[in-house]
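Dear colleague,

I am handing over the structure we spoke about, and my notes on it follow below. Please look through the sequence and the fold before you read on.

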Amino acid sequence: DNHINSGYSTTGNPIGIFLRGGGGIDISHNKFNADSTLTPSTQFLNCIYGDFSQGTTSEVKVTNNSFDNYKGIGVKMGNNSGTKMPILQSSGNHYAPVAGSSSSYALEIDSFYNVTINEEIGQTPTNANPMIRIKDCDSVKICIISQYGYAGRYRIDGTCLNVQEVVTNNY
């Protein structure tokens with residue numbers, strides 16, 4: 001239960017939590033938001049950024065968080081080393097990028113297998129992208145209960161095998 005309003009940056013694009021590896025990662029019940037003034041130096045580029053290209057992980061859970069006023073991607077998880085990592089679960093999160101952030105995704109996942117996405121709320125004023133971007137992932141289950149403002153539910157890039165979707169409500 002943390003309020004994260006500043007982050008790691010070497011380029012002027014802050015990241016709330018930056019992951020390089022580990023196992024059994026569980027990030028839950030946090031609120032990510034820019035400082036009281038929305039400027040490029042205070043807005044998160046990514047609220048959570050997992051770059052596992054030099055490390056490995058066996059399980060990542062991102063649950064029940066609130067991501068507000070970010071300018072890039074709410075949760076970005078990837079591995080560019082060519083090895084797919086097991087088990088990613090994202091559920092119960094709230095995504096609300098800053099107004100005018102038309103190039104952002106709520107969630108971007110690259111090179112995982114056994115992925116479960118069960119998101120209740122995707123909210124943005126207007127976004128040219130779908131809510132989720134999936135690249136080179138296998139065994140993906142997506143359940144989006146509500147999606148508002150995004151131009152679709154998800155986009156697949158690269159090779160993704162066995163992607164299943166359940167949509168219960170779409171605004």
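The structure, which is a predicted model, holds seven salt bridges. One of them joins D68 and K31, whose closest N and O atoms are 2.5 Å apart. This pair links distant parts of the chain, since D68 belongs to strand β7 (residues 66-68) and K31 to strand β4 (residues 30-32), with their positions 37 residues apart in sequence. The two partners do not fall into one class of exposure: D68 counts as buried because its relative accessibility is 10%, while K31, with a relative accessible area of 32%, is partly exposed.

Another salt bridge brings together the side chains of K76 and E108, at 3.8 Å from N to O. Here too the pair links distant parts of the chain, with K76 in strand β8 (residues 73-78) and E108 in strand β11 (residues 105-110), 32 residues apart. K76 has a relative accessibility of 26% and therefore counts as partly exposed, whereas E108 has a relative accessible area of 10% and is therefore buried.

E108 also forms a salt bridge with R133, and in this case the closest N and O atoms are 3.4 Å apart. That pair again links distant parts of the chain, running from E108 in strand β11 to R133 in strand β14 (residues 132-135), which lie 25 residues apart. R133 counts as buried, because its relative accessibility of 18% is under the 20% cut-off. If you follow these charged side chains further, you will find that K76, E108, R133, R155 and D157 are linked in a network of salt bridges. As general background, side chains of opposite charge can pair when their charged atoms come close.

Turning to the chain as a whole, the secondary structure comes to zero helices and 17 strands. Of the 171 residues in the protein chain, 47% are buried. The protein chain exposes about 7,700 Å², of which carbon and sulfur atoms supply 46%. When contacts between residues at least 6 apart in sequence are considered, 74% of them join residues that are at least 24 apart.

What sits in the largest nonpolar core, and which residues touch the most other members? That core has 32 residues, and I48, F67, M77 and F112 are the ones that touch the most other members. For F67, leaving out residues up to four places away in sequence, the residues touched are F32, C47, I48, V62, G74, V75, N93, H94, Y95 and A96. It may help to recall that, in soluble globular proteins, nonpolar side chains tend to be buried together.

Finally, you may wish to look at K61, which is found in strand β6 (residues 60-63). Is K61 buried or partly exposed? With a relative accessibility of 29%, K61 counts as partly exposed. The side chain of K61 is joined to that of E59 by a polar contact of 3.5 Å. Beyond its neighbours within four places in sequence, K61 is in contact with I25, D26, I27 and Q89. The C-alpha atoms of K61 and T116 are separated by 9.5 Å, although these two residues are 55 residues apart along the chain.

With kind regards

How values were computed:
Residues numbered from 1 in each chain as written. Predicted model: local features only at pLDDT ≥ 70, side-chain atom pairs only at ≥ 80, totals over all residues. Heavy atoms only, no water. Helix = DSSP H or I, 4+ residues; strand = E, 2+ residues; numbered from the N terminus. Buried < 20%, exposed > 50% of the residue type's maximum accessible area, 1.4 Å probe, protein only. Contact = heavy atoms within 4.5 Å. Polar contact = N/O pair within 3.5 Å; in protein donor to acceptor, adjacent residues only side chain to side chain. Areas by Shrake-Rupley, 256 points an atom, 1.4 Å probe, with all protein chains shown as cover. Salt bridge = Lys/Arg side-chain N within 4 Å of Asp/Glu carboxyl O. Core = buried A, V, L, I, M, F, W, Y, C linked by side-chain atoms within 4.5 Å.
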